[in-house]
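Q: I am new to this structure and would like a close look at one part of it, followed outward into its surroundings. Please take your time and connect each point to the next.

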Amino acid sequence: MLIAAAAKRFGVDPATCRAEQSMVIHEASGRRIRYGEVAFDAAAMPIPNKPKLKRSEEFDLLGKPIARLDTPDKLDGKTVFGIDVKVQGMLVAVVARCPIFGGSLGSFDADAAKAVPGVVAVLEIPSGIAVVANHFWAAKQGRDALSIQWKPGPRSEISTADVFRALRAAIDTSKPVQTIGDPGRILDQATRKLEAVYEVPYLAAAPMEPLGCTAHVRPDACEIWVSTQAPVFTREAIAKMLGLPMAAVKVHVTLLGGGFGRRKHLDFAVEAVHVSKALQRPVKVVWTMEDVIAGGMYRPAACNVMTGAIDARGRPGAWTHRIATQPLPAVFERTIVDGIDEWAVGGAVDLPYDIPHRSVGYAMAELPVPVWFWRGIGHSYNAFATECFFDELCALGRSDPLSMRLELLSSRPRHARALKLAAEKAGWGNALPAGHARGIAVHESFGSICAQVAEVSLEDGKPRVHRVVCAIDCGGVVNPDTIVAQMEGSIIYALTMTLYGKIDIEKGRAVQNNYDDYKLLRLPETPIIDTHIIATGDSLGGIGEPGLAPTAPAVCNALRALTGKPVRKLPLLA
């Protein structure tokens, strides 16, 4: 269509033109024109019924490593993240929010805060009390000087122990999500069966860049600068909040210093709009890292109850999986159907193994801790439960976990191919140093299949991950460097979850509040990560989240192989 539009403008036969490097070129005359110059004309051209597509061997860019254009600016500090934004006449605000989940503001005394040099205003907004100053440090000191009385909510004494008691109790109320065959009958008749309970805690997204937003509200318009994963929803919410038409709200999306789902929420943008509207000036709201980690919006804690049986051939013949979690808010799309949170059962309902009798159930637990999207969502805990339980059933049936997986993946050739590649590259079955063991896992999420093999040992009684081999099948490949980077980042993020990640709850509030007690994987602990890409003609899948799910079960299966004891609770170094 671009060629046709350009040829019409040139007054030549379209067959004498070609498209290349963002231009349509007429070789005979040497004339050339950029796509953008004929885009409107091209849009009006007839759409070809069967356009001839370029063959993969003709690609100049797709499937080849291309240097990222944003890297140099990141290295020398030119990149503008949300926290870097500066606007003429801008003030900075820090907000005091109720630390008790479900609580609210009672009363406050702002005299001491107002006495801090640089503090301009102290005002109440829906989420708490905003202290506004000429710069961040004054706003932070002003907030620290506030005298506040918070009203506890109805479950203000809740603790981590209470959370897991509630989740275990909820399991008995689970609703059926999927049933294949008759797993109940097979389990009743089985002589070799196993039940296991897998538990995971609340997790914070903990992005390295704290949350924040700069807003400038005028009587007839609003402009914001924000690190967000949801710019359209943010714009819609602010327009509705201010009673403005969408065209009057402008959202500048900066780069994100880590998102992981947390920046899909609108709370930090809404706060900035409230403060700016009240003061009629541009205001940047900045969350401290303590605000981010202790402020809720966590990956839900989850309880997975698994029951399985081995048939006469030593194969898993029956399988039930019941999940209890808090539901995620149905903010962006409807995800709760008939009392079942579709995000929560991801990775459980689409189990790839040919187990003839299996079922999945879901139970919704109502708890006051605010939960939100987190990298991988339900796959982050369901892969841990399903892949670890599969290994436990293999041990019960005295079968090799790789061979049994491959045997039960006859109808899933892409899963089998990824497993074989990861196992081959990891040297599955080859000798390891004394005190080392390997574990394997495979999981499909967001349209991609990822298999991983982890090599683990114990050092002073603590697990040490030495190497992770990853095989990723995301269909077609655009930029392999980006895929490798995403796999490495996902695995490091997942190892943080596996080894350290948890938010404990005491008296209705979070215990952890910064990187000293919400530990992240450090550089000396990071294993060698080998990524192998399976480039196929299959449909494109996601790449930002699929690398996370198999890591925890691969590590835990290695520990079970090493010690003979199953791992059913995360984190390992609680």
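A: Asp 517 counts as partly exposed, because its relative accessible area is 33%, a value that falls between the 20% limit for buried and the 50% limit for exposed. The model is a predicted one, and every value here should be read with that in mind. Asp 517 is found in the loop that runs between strand 24 (509-510) and strand 25. Along the chain, Asp 517 and Tyr 500 are 17 residues apart, and their C-alpha atoms are separated by 9.3 Å.

The loop that holds Asp 517 leads to strand 25, and strand 25 (528-533) is an edge strand of a sheet, as is strand 20, each of them pairing on one side only. The sheet in question is open and has four strands, in the order 20-21-22-25, with mixed pairing. From one strand to the next, the twist averages 20°. Strand 25 pairs with strand 22 in the parallel sense, over six bridges, and within this pairing Ile 472 stands opposite Ile 533 of strand 25.

Beyond strand 22 (462-473), a loop leads to helix 14 (480-499), and Val 478 is found in this loop. Val 478 counts as partly exposed, because its relative accessibility is 48%. Together with Leu 62 and Leu 540, Val 478 forms a nonpolar patch on the surface, and the three residues have about 280 Å² of accessible area together.

At the other edge of the sheet, strand 20 carries one end of a salt bridge, in which the side chains of Glu 444 and Arg 412 meet at 3.8 Å, N to O. This pair links distant parts of the chain, with Glu 444 in strand 20 (residues 436-445) and Arg 412, 32 residues apart from it, in the loop between helix 12 and helix 13 (413-426). Glu 444 is partly exposed, given its relative accessibility of 27%, and Arg 412 is also partly exposed, with a relative accessible area of 26%.

Helix 12 takes part in another such contact, since Arg 405 lies in helix 12 (residues 401-407) and Asp 391 in helix 11 (residues 379-396), so that their pairing ties together parts that are 14 residues apart in sequence. The contact is a salt bridge between the two side chains, at 2.7 Å, N to O. Arg 405 and Asp 391 are both buried.

These two contacts belong to a wider set, for the structure holds 34 salt bridges. Another one of them joins the side chains of Arg 68 and Asp 70, at 3.0 Å, N to O. Here the partners differ in their cover: Arg 68 is partly exposed, with a relative accessible area of 47%, whereas Asp 70 counts as buried, because its relative accessibility is 18%. Elsewhere, Arg 97, Arg 143, Glu 271 and Asp 291 are linked in a network of salt bridges.

The cysteines are a separate matter. A disulfide is a covalent bond between the sulfur atoms of two cysteines, and with a cut-off of 2.5 Å between the sulfurs the count comes to zero. Cys 303 has no partner because its sulfur is 15 Å from the closest cysteine sulfur, in Cys 388, which is too far for a bond. Cys 450 is likewise in no disulfide, although the sulfur of Cys 470, its nearest cysteine sulfur, is 3.5 Å away. Cys 303 counts as buried, with a relative accessibility of 1%, and Cys 450 counts as buried at 0%.

Strand 11 gives a further view of buried chain, being mostly covered: of the seven residues in strand 11 (residues 212-218), six are buried. Strand 11 runs antiparallel to strand 12 (residues 221-226), to which six bridges join it, and the two strands form a hairpin with two residues between them. Strand 11 also pairs with strand 14 (residues 283-286), again in the antiparallel sense, over four bridges. Ala 215 shows both pairings, as its bridge partner in strand 12 is Ile 224, while its bridge partner in strand 14 is Val 283.

Terms used
Residues are numbered from 1 along each chain as its sequence is written. This is a predicted model: local features need pLDDT of at least 70, side-chain atom pairs count only at pLDDT 80 or more; totals for chains, interfaces and linings use all residues. Side-chain values use heavy atoms; hydrogens and water are left out. Patches are made of residues with over 30% relative accessible area and no salt bridge: like charges are joined within 9 Å, nonpolar side chains (Val, Leu, Ile, Met, Phe, Trp, Tyr) within 5 Å. Accessible areas come from the Shrake-Rupley method with a 1.4 Å probe; for residues, only the protein chains shown count as cover. A salt bridge is a side-chain nitrogen of Lys or Arg within 4 Å of a carboxyl oxygen of Asp or Glu. Buried means under 20% relative accessible area, exposed over 50%, partly exposed in between (1.4 Å probe, protein chains only). Two strands pair if DSSP finds at least two bridges between them. Axes are lines fitted to C-alpha atoms, for helices over the stretch in contact, and angles run from 0 to 180 degrees between N-to-C directions.
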